[in-house]
Amino acid sequence: MDSVLSDNWFAMTLVQQMINIGNEVKRAVRFDANMGKKTMFLDRAIWYTELTMKDPKNQRVLPELSISKMVLEDYRGEHVLDCTKEQINNYYGAYTNLL
């Protein structure tokens, strides 16, 4: 992991981190029919989620972050969890609407 990126990421509040993740999810949902772009944006959202999980200040929300990562990975692939793009978009929209 690039230490400059992680330092910058860790300097953000949890809400700012979630807004950034949410923006990537919003892009993935927008390009749902284009598997290449959808996957690219979801990969970035998952990576940002992993960074957020490594941030020491976020230890208290690790269970929720783990679940959200699992949902994003499922949406990227098998869809076993039956989470719709609308449900995922609504969850992250709560953060992106804070802007």
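Modeller: Before we start, a term we'll need: a crossing is left-handed if the near helix is turned anticlockwise from the far one by less than a right angle, and right-handed if clockwise. And keep in mind that this is a predicted model.

Colleague: Noted. Which hand does the crossing of helix 2 and helix 5 have, left or right?
Modeller: Helix 2 covers residues 14-30 and helix 5 covers residues 85-96. Their axes lie 8 Å apart, at an angle of about 145°. The way helix 2 passes helix 5 makes the crossing left-handed.

Colleague: What residues of helix 5 meet helix 2 there?
Modeller: From helix 2 come M18, I19, I21, G22, N23, V25, K26 and V29. Their partners in helix 5 are K85, I88, N89, Y91, Y92, Y95 and T96.

Colleague: How many residues of that contact are nonpolar?
Modeller: Sort the residues where helix 2 meets helix 5 by type. Of these, 2 are charged and 4 are polar. The nonpolar ones number 9.

Colleague: Let's step back to the whole fold. In what order do the elements run from the N terminus?
Modeller: The protein chain has 5 helices and 0 strands. Read from the N terminus, then, the elements go α-α-α-α-α.

Colleague: What radius of gyration does the protein chain have, and what would a compact globule give?
Modeller: The C-alpha trace spans about 35 × 25 × 25 Å along its principal axes. For 99 residues, a compact globule would come out near 13 Å. The chain agrees with that, because its own radius of gyration is 13 Å.

Colleague: What share of the contacts between residues at least 6 apart joins residues at least 24 apart?
Modeller: On burial first: 34% of the 99 residues count as buried. As for those contacts between residues at least 6 apart in sequence, the share joining residues at least 24 apart is 62%.

Colleague: Which helix gives the most residues to the largest nonpolar core?
Modeller: That core has 19 residues, and I21, V25, L72, I88 and Y92 have the most contacts inside it. Helix 2, helix 3 (35-54), helix 4 (62-76) and helix 5 each give two or more residues. The top contributor, with 6 residues, is helix 3.

Colleague: Y92 is in that list. What does Y92 touch, beyond its neighbours within four places in sequence?
Modeller: Y92 is one of the helix 5 residues that meet helix 2. Leaving those sequence neighbours aside, its contacts are M18, I21, G22, V25, S68 and L72.

Colleague: And Y91, next door: buried, partly exposed or exposed?
Modeller: Y91 is in helix 5. Beyond four places in sequence, Y91 contacts M18, E64 and S68. Its C-alpha is 14 Å from that of Q17, 74 residues away in sequence. With a relative accessible area of 29%, between the 20% and 50% cut-offs, Y91 is partly exposed.

Colleague: Over to helix 3. Is I46 buried or exposed?
Modeller: I46 lies in helix 3 and contacts K69, L72, E73 and R76, neighbours within four places aside. Its C-alpha is 9.2 Å from that of V25, 21 residues apart along the chain. Buried means under 20% relative accessible area. I46 has 4%, so it counts as buried.

Colleague: Which residues does L65 touch, not counting those up to four places away?
Modeller: L65 lies in helix 4 and is buried, at 4% relative accessibility. The C-alpha atoms of L65 and L51, 14 residues apart along the chain, are separated by 10 Å. Its contacts past four places in sequence are M18, T49, T52, M53 and N58.

Colleague: What about S6, buried or exposed?
Modeller: S6 is in helix 1, residues 3-11. The C-alpha of D55, 49 residues along the chain, is 8.4 Å from that of S6. The relative accessible area of S6 is 8%, so S6 is buried.

Colleague: Last one. What is the phi of D82?
Modeller: D82 sits in the loop between helix 4 and helix 5 and is exposed, at 61% relative accessibility. Most residues other than glycine have a negative phi. D82 is not a glycine, yet its phi is positive, at about 60°.

Terms used
Residues are numbered from 1 along each chain as its sequence is written. This is a predicted model: local features need pLDDT of at least 70, side-chain atom pairs count only at pLDDT 80 or more; totals for chains, interfaces and linings use all residues. Side-chain values use heavy atoms; hydrogens and water are left out. Axes are lines fitted to C-alpha atoms, for helices over the stretch in contact, and angles run from 0 to 180 degrees between N-to-C directions. Helices (H or I, at least four residues) and strands (E, at least two) are DSSP runs, numbered from the N terminus. Contact means heavy atoms within 4.5 Å. Ala, Val, Leu, Ile, Met, Phe, Trp, Tyr, Cys and Pro count as nonpolar, Asp, Glu, Lys and Arg as charged, and the others, Gly among them, as polar. A nonpolar core is a set of buried Ala, Val, Leu, Ile, Met, Phe, Trp, Tyr and Cys residues joined through side-chain atoms within 4.5 Å. Buried means under 20% relative accessible area, exposed over 50%, partly exposed in between (1.4 Å probe, protein chains only). The radius of gyration is taken over C-alpha atoms; the globule rule is 2.2 Å times the number of residues to the power 0.38.
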